[in-house]
Amino acid sequence: MGGCVSTSTQSTCSSRSNGEMVSSSCFCGHKRTRRTFSDHIVSLQHLTSIPSRIFMNGKSRTSCIFTQQGRKGINQDAMIVWEDFMSEDAVFCGVFDGHGPHGHLVSRKVRDALPIKLSSFLHSCQSRWDGSKTTCFKGNLNKSDAGDSEQYCSAEDRLNSIWREAFLKSYKAMDKELRSHPNLDCFCSGSTAVTLVKQGSNLFMGYIGDSRAIMGSKDSNDSMVAVQLTVDLKPDLPREAERIKRCKGRVFALQDEPEVSRVWLPFDDAPGLAMARAFGDFCLKEYGVISIPEVSHRILTERDQFIVLASDGVWDVLSNEEVVEIVSTAPTRSSAARILVDSAAREWKLKYPTSKMDDCAVVCLFLDGKMDAESDYDEQNFSSATLQSNHSGNAIESDDGQKSEPSLQRNFTVRSSEENDTYGRLPVDVEGNEETVEAEDQNWSGLEGVTRVNSLVQLPRFSEERPNLEVL
């Protein structure tokens with residue numbers, strides 16, 4: 001979540017409909033043993049009816065997720081776990097950290113639309129390669145599956161190429177949709193994304209921004225170690241800084257936070273974006289900020305235990321090793337994400353007592369596919385009503401833009417209910433219609449008081465006149 005001086009942007013976008021539909025299919029050959037929801041047409045209108053897709057605090061068959069609002073205003077973090085994604089052995093996970101006046105809307109839009117786009121492009125790739133003699137799309141790709149080593153390399157290279165192409169195209173399509181969204185101003189608002197698809201023993205990842213993924217794995221002594229799976233794409237990375245400067249953008253840190261490099265317009269000390277890649281942020285897209293993801297592929301082993309995806313509200317105060325220790329020692333797997341967020345909240349108070357805690361969002365994916373018994377879930381203050389709300393699509397949209405479960409005990413640290421009434425309610429149409437904002441933006445309070453690191457520092461001076469500029 002980021003901070004900004006002003007919330008009075010008036011920019012508009014040209015209209016573009018989002019009627020894409022995806023006919024997903026299994027990416028492990030032509031035989032299927034069990035039909036999943038992904039066998040059917042999937043669109044934004046159907047998301048709330050998918051039983052294996054969770055995006056609120058809770059757990060699934062193989063994961064637990066939890067988010068908590070910080071002290072900067074609306075919770076701008078979003079998260080998702082989608083099991084049976086494309087096939088019965090595939091799971092999609094993502095964490096999205098919004099910034100700017102409309103960052104909460106951007107992150108939720110990406111959360112909902114990006115998995116569908118990825119599935120669509122993967123389906124297109126499968127169709128294009130149908131009839132190929134080389135085995136492809138197999139979740140568990142072993143050398144024995146492709147014969148000799150030469151054939152194996154060909155199959156693995158093709159698998160990597162297909163997934164890389166799908167990630168690149170889906171991220172590009174997502175940014176294009178945000179650019180032309182009729183009701184969502186992304187000129188000075190945006191979102192990070194760290195996404196993965198685990199299919200069998202294969203792990204495919206795509207990411208932009210500074211949200212991070214790590215893995216807890218056992219070393220040769222059976223001790224837990226942390227393996228960082230992504231790179232925080234900050235402006236001070238040499239290749240990122242070189243690209244931004246080549247595009248006439250500026251990279252420098254403010255005097256009061258010399259450790260935080262930011263991206264600035266060539267002609268204005270704004271917006272001061274603290275990342276080099278993001279969805280949205282179109283005021284900087286001509287000046288070196290891009291939405292092209294880093295894409296990676298990894299073969300998982302039996303030593304790999306779990307993966308943690310989290311927004312920078314966690315990584316700002318906890319190291320990779322500390323996160324692995326917290327998750328691996330959680331009393332129950334279903335409580336791991338919540339305990340990790342609670343630990344981050346405590347560290348914010350201890351390490352930065354004068355700063356406002358950032359939003360935190362965590363996804364914990366357990367690679368052996370096992371979770372706790374239902375009774376363990378109840379012990380951690382997650383009632384059956386909470387579980388049902390994750391799958392029924394009837395969750396209530398709260399004033400802070402978060403789907404809320406009445407039975408879930410959360411730490412609301414920002415406003416009282418009376419204060420919340422002064423903020424315009426944010427309606428989000430779960431039936432697929434575009435999201436709209438009623439109030440002239442619900443008092444986004446990123447810079448009220450001292451903050452440690454804001455993703456944005458200030459809106460450009462010309463943001464009010466953006467409709468007259470040919471930036472988009």
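1. Let me start with T192, which counts as buried at 0% relative accessibility. Please keep in mind throughout that this is a predicted model. The cut-off for calling a residue buried is under 20% relative accessible area, so the label fits T192 with its 0%.

2. Where does T192 sit in the chain? T192 is found in the loop between β8 (190-191) and β9. Leaving out residues up to four places away in sequence, T192 touches V95, F96 and D97, then I208, G209, D210 and S211, and also M275. G103 makes a nice reference point as well: 89 residues separate G103 from T192 in sequence, while their C-alpha atoms are 9.7 Å apart in space.

3. On to the hydrophobic interior. The largest nonpolar core has 51 residues. If you would like places to click on, W82, V110, L118, W163, L178, V197 and F279 are the residues with the most contacts inside this core. Several elements feed it: the strands β6 (77-83), β7 (90-99), β9 (193-199), β10 (202-208) and β14 (261-265), along with the helices α1 (103-129) and α2 (149-179), each supply at least two residues. Which element gives the largest share? That is α1, with nine residues of this core.

4. Do look at the other core too. A second core, separate from the largest one, has 29 residues. Among its members are C64, F306, V308 and V362.

5. Next, a helix pair that deserves a look. Helix α5 (residues 320-328) packs with helix α6 (residues 336-351) at an angle of about 135°, and their axes are 9 Å apart. The two helices are therefore oblique to each other. As for handedness, α5 and α6 make a right-handed crossing.

6. Which residues make this contact? From α5 they are V323, I326 and V327; from α6 they are A336, I339, L340 and S343. Sorted by class, the contact of α5 with α6 has six nonpolar residues, one polar residue and no charged residues.

7. Finally, a word on S343, which is found in helix α6. Is S343 buried or exposed? S343 has a relative accessible area of 8%, and because buried means under 20%, S343 is buried. Once its neighbours within four places in sequence are left aside, S343 is in contact with L318 and I326. V323 of α5 also takes part in the helix contact; S343 and V323 are 20 residues apart in sequence and 9.1 Å apart in space, C-alpha to C-alpha.

Conventions
Residues numbered from 1 in each chain as written. Predicted model: local features only at pLDDT ≥ 70, side-chain atom pairs only at ≥ 80, totals over all residues. Heavy atoms only, no water. Core = buried A, V, L, I, M, F, W, Y, C linked by side-chain atoms within 4.5 Å. Buried < 20%, exposed > 50% of the residue type's maximum accessible area, 1.4 Å probe, protein only. Helix = DSSP H or I, 4+ residues; strand = E, 2+ residues; numbered from the N terminus. Axes fitted to C-alpha atoms, helices over the stretch in contact; angles between N-to-C directions. Parallel < 35°, antiparallel > 145°, perpendicular 65-115°, else oblique. Left-handed = near helix turned anticlockwise from the far one by under 90°. Contact = heavy atoms within 4.5 Å. Nonpolar A, V, L, I, M, F, W, Y, C, P; charged D, E, K, R; others polar.
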